[in-house]
Amino acid sequence: MCTTEELPISQLNKLYTMNVTFEKRNRVSRQKRLEQSRRLNQCPLCRDVQYKNLWYAPDSRLAQLIDVHHDKISTRLCPACDMQNRGVYEGVLDIKHIPEREYDHVVSIILHEAMRDYGDNPQHRLLDFYDHEEGYMVTATSAAMIYRIGQKIKSEFKSCEMQSQYQHEPYPLQMTRIAFAPNESF
Ligand SMILES: [Zn+2]
């Protein structure tokens, strides 16, 4: 193999041009990577990722494509975990007089609708589900989720009554009440 000194001028020029082109290409791709570098937030509790004001689940495509060497990732508690920590919620569903034999059906509707909503937006979550004297109470991070669950129960059990109210002040809250007729038979 010949050394650089032995190469004819035309060959050297060619090599030089190739080298310059290569360097240029490298600079362009570095620049492109810098332009594509994203600013992201990640919740330390649930690992949801925020990008451009939207939150994505940890197993979402966006989260999986995070480049830890390149993207700028800050830690930030997500709104859903923040609500859970503070014990607040944006939606309450109060269900009264569920006939015992329909209890499992009602619960499965709640869980199914909640999972569906969570699949669309990981910030929409059920927070609590508990018995009270006459029925069951469900709280969630999302007003829309509570309303949708209420609508679904109402559509499955036509004879139950549903009332729904949304307040903006002093804090946003969706309050949905469903009442099965006492001793109703289906
Ligand atoms: Zn979180």
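This note goes through a predicted model of one chain, point by point.

1. Confidence. The structure is a prediction, and the mean pLDDT of the chain is 86, with 80% of its residues reaching 70 or more. That confidence varies among the elements of the chain: helix 1, at residues 9-36, has the lowest mean pLDDT, 63, whereas helix 3 has the highest, 97. Any reading of helix 1 should keep its mean pLDDT of 63 in view.

2. Overall make-up. The chain contains five helices and nine strands, and these follow one another along the sequence in the pattern α-β-β-β-α-β-α-β-α-β-β-α-β-β. Of the 186 residues in the chain, 23% are buried. When contacts between residues at least 6 apart in sequence are considered, 62% of them join residues that are at least 24 apart.

3. The four-stranded sheet. One open sheet has four strands in the order 3-2-1-4, and its pairing is mixed. Its edges are formed by strand 3 and strand 4 (72-75), each of which pairs on one side only. Neighbouring strands of this sheet are turned against each other by 30 degrees on average, with direction ignored. Within the sheet, strand 1 and strand 2 pair in the antiparallel sense over two bridges, and Gln42 stands opposite Val49 of strand 2.

4. Two positive phi values beside strand 2. Arg47 lies in the loop between strand 1 (39-42) and strand 2 (49-51), and its phi is near 70 degrees, a positive value in a residue other than glycine. Arg47 counts as partly exposed because it has 13 or more, namely 14, C-beta neighbours inside 10 Å. Lys52 is placed in the loop between strand 2 and strand 3 and also has a positive phi, of about 50 degrees, although it is not a glycine. Lys52 is exposed, because 8 other C-beta atoms lie within 10 Å and the cut-off for an exposed residue is 12 or fewer.

5. The five-stranded sheet. A second open sheet has five strands in the order 6-7-5-9-8, again with mixed pairing. The edge strands here are strand 6 (126-132) and strand 8 (161-167), and each of them pairs on one side only. From one strand to the next, the twist averages 10 degrees. In general, the strands of a sheet pair through backbone hydrogen bonds, and they do so in either a parallel or an antiparallel sense.

6. Strands 8 and 9 and the loop that joins them. Strand 8 and strand 9 (residues 173-179) pair in the antiparallel sense over seven bridges, and Gln165 has Met175, in strand 9, as its bridge partner. The loop between strand 8 and strand 9 holds Pro170, and the peptide bond that joins Glu169 and Pro170 is cis, with omega at about -5 degrees.

7. Helix 5 against the sheet. Helix 5 lies across strand 5, strand 7, strand 8 and strand 9, and runs at about 15 degrees to strand 9. Within helix 5 (143-156), Ile149 is in contact with Leu93, Ile110, Glu113 and Ala114, if its neighbours within four places in sequence are left aside.

8. The largest nonpolar core. This core has 26 residues, and those with the most contacts inside it are Ala140, Ile146, Ile149 and Ile153. Two or more residues come from each of strand 3 (54-56), helix 3, strand 5, helix 4 (103-120), strand 7 (135-140) and helix 5. Helix 5 gives the most to the core, with five residues. The core also crosses the domain assignment, since domain 2 (38-77) and domain 3 (85-179) each supply at least three of its residues.

9. Val88 and Thr141. Val88 sits in the loop between helix 3 (79-86) and strand 5 (91-96). It counts as partly exposed because it has 13 C-beta neighbours inside 10 Å, and a residue would need 20 or more to be buried. The C-alpha atom of Val88 is separated by 8.1 Å from that of Thr141, although the two residues are 53 apart along the chain.

Conventions
Residues are numbered from 1 along each chain as its sequence is written. This is a predicted model: local features need pLDDT of at least 70, side-chain atom pairs count only at pLDDT 80 or more; totals for chains, interfaces and linings use all residues. Two residues are in contact if their C-beta atoms, placed from the backbone, lie within 7 Å. A nonpolar core is a set of buried Ala, Val, Leu, Ile, Met, Phe, Trp, Tyr and Cys residues joined through C-beta atoms within 7 Å. Domain bounds come from an automatic or database domain assignment. pLDDT is the predictor's confidence in each residue, from 0 to 100. Two strands pair if DSSP finds at least two bridges between them. Axes are lines fitted to C-alpha atoms, for helices over the stretch in contact, and angles run from 0 to 180 degrees between N-to-C directions.
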